[in-house]
Amino acid sequence: MKKIFLLVLFFSFYFAIFTNSWLCEASSSPGPIRDTDGRLLRTEKTYFIVPVNGEKYGGVAVETIDNEACQLSVIPKRYVEPHGHGLELIPVDKKKGVVRVSTDLNVAIYSTYDCLNSTMWQLEKYDDSKRGKFFINVGPKSRRNWFRIEKYGKGYKFVYCKVVCKDVGVRMVNGQTRLGLNNVPLVFNFKKEILIGR
């Protein structure tokens, strides 16, 4: 009888540890991102970013840098129709199909430029002429492609994390407004692309 009691106690103890560990893991899972209609953001879908609380900038687009035909940067757009270029969010683990905050992901941007050899956002390499400013370009897949999305007030923001995390905001260089690392983030919400006929 004593042995049965000890076995029950033993299994109850380990069941409690397993259950508590599972609950902690579930509760600490990063939250899903939602669009302006309250729907979960999904992989393999296209979204526009739109401003929060009457912010000046909303959408983003691809534009040439310093009049170079195929050196492309990501620029902010003032919020007018249309909403800039569409984005696809590609998490490091895209099997579950839901895009979540605080997880590494690639950002693909779609434009009409013929010279694109990649659609991925990429943090540009250090350039002395820019005095420590880092900007977001479009480039091939590399270690500099990884971004995260974080909840920020009533919207979201992009961050770039390597050793420390820095917000992605609006910066000026050579008279051109571009997206880059900044202490003031670009705050936005996601709006799903509406496909005519669907």
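## A walk through the strands

Start by selecting glutamine 122, which sits in strand S6, residues 120-123. Keep in mind as you click around that this is a predicted model.

**Stop 1: glutamine 122.** Is this side chain buried or exposed? Its relative accessibility is 9%, so glutamine 122 counts as buried, the limit being under 20%. Now show its polar partners. A polar atom of the glutamine 122 side chain lies 2.7 Å from the backbone oxygen of proline 140. There's also a side-chain to side-chain polar contact, 3.2 Å long, between glutamine 122 and serine 142. If you want the wider surroundings, leave out residues up to four places away in sequence and you'll find glutamine 122 touching Phe135, Ile136, Asn137, Gly139, Pro140, Ser142, Arg144, Asn145 and Phe147.

**Stop 2: zoom out.** Switch to a cartoon view for a moment. The protein chain has 1 helix and 12 strands, and reading along the sequence gives you α-β-β-β-β-β-β-β-β-β-β-β-β. Of its 198 residues, 39% are buried. Take the contacts between residues at least 6 apart in sequence: 54% of them join residues at least 24 apart. Turn on the surface and you're looking at about 12600 Å² of exposed area, with carbon and sulfur atoms supplying 54% of it.

**Stop 3: the nonpolar core.** Next, select Val60, Leu89, Trp121, Phe158 and Phe190. The largest nonpolar core has 31 residues, and these five touch the most other members. Centre on phenylalanine 158 and hide its neighbours within four places in sequence. What is left in contact with phenylalanine 158? The list runs Leu87, Leu89, Val107, Trp121, Arg148, Ile149, Lys166, Asp167, Val168, Phe188 and Phe190.

**Stop 4: glycine 58.** Move to strand S2, residues 57-65, and pick glycine 58. Glycine 58 has a relative accessible area of 0%, so it's buried. Try a distance label from here to asparagine 189: the two C-alphas are 8.5 Å apart, while 131 residues separate them in sequence.

**Stop 5: salt bridges.** Time to colour by charge. Side chains of opposite charge can pair when their charged atoms come close. The whole structure holds 4 salt bridges, and three make good stops.

- Select glutamate 124 and arginine 178, whose side chains meet in a salt bridge at 3.6 Å, N to O. Glutamate 124 is in the loop between S6 and strand S7 (136-139) and arginine 178 is in strand S11 (residues 176-181), so this pair ties together parts 54 residues apart in sequence. Both ends are tucked away: glutamate 124 is buried at 8% relative accessibility, and arginine 178 is buried at 1%.
- Then try lysine 157 with aspartate 167, where the closest N and O atoms are 2.9 Å apart. The pair links strand S9 (residues 155-162), home of lysine 157, with strand S10 (residues 164-173), home of aspartate 167; they are 10 residues apart. Lysine 157 and aspartate 167 are both buried. You've met aspartate 167 before, among the contacts of phenylalanine 158.
- Finish with arginine 39 and aspartate 37, a salt bridge with its closest N and O atoms 3.5 Å apart. Are these two buried or exposed? Both are exposed.

**Stop 6: the disulfide.** Show sulfur atoms as spheres. How many disulfides turn up? The count is 1. Its partners are cysteine 161 and cysteine 165, with their sulfur atoms 1.9 Å apart. Check the dihedral about the S-S bond: at 110°, the link of cysteine 161 and cysteine 165 is right-handed. Cysteine 165 comes out at 45% relative accessibility, so it counts as partly exposed.

**Stop 7: two positive phi angles.** Last, select glutamate 44 and asparagine 174. Glutamate 44 isn't a glycine, yet its phi is positive at about 60°. You'll find glutamate 44 in the loop between helix H1 (2-27) and strand S1 (47-51), and with 64% relative accessibility it counts as exposed. Asparagine 174, also not a glycine, has a positive phi near 50°. Asparagine 174 is in the loop between S10 and S11, and its relative accessible area of 64% makes it exposed.

Terms used. Residues numbered from 1 in each chain as written. Predicted model: local features only at pLDDT ≥ 70, side-chain atom pairs only at ≥ 80, totals over all residues. Heavy atoms only, no water. Core = buried A, V, L, I, M, F, W, Y, C linked by side-chain atoms within 4.5 Å. Buried < 20%, exposed > 50% of the residue type's maximum accessible area, 1.4 Å probe, protein only. Contact = heavy atoms within 4.5 Å. Helix = DSSP H or I, 4+ residues; strand = E, 2+ residues; numbered from the N terminus. Polar contact = N/O pair within 3.5 Å; in protein donor to acceptor, adjacent residues only side chain to side chain. Disulfide = S-S within 2.5 Å. Areas by Shrake-Rupley, 256 points an atom, 1.4 Å probe, with all protein chains shown as cover.
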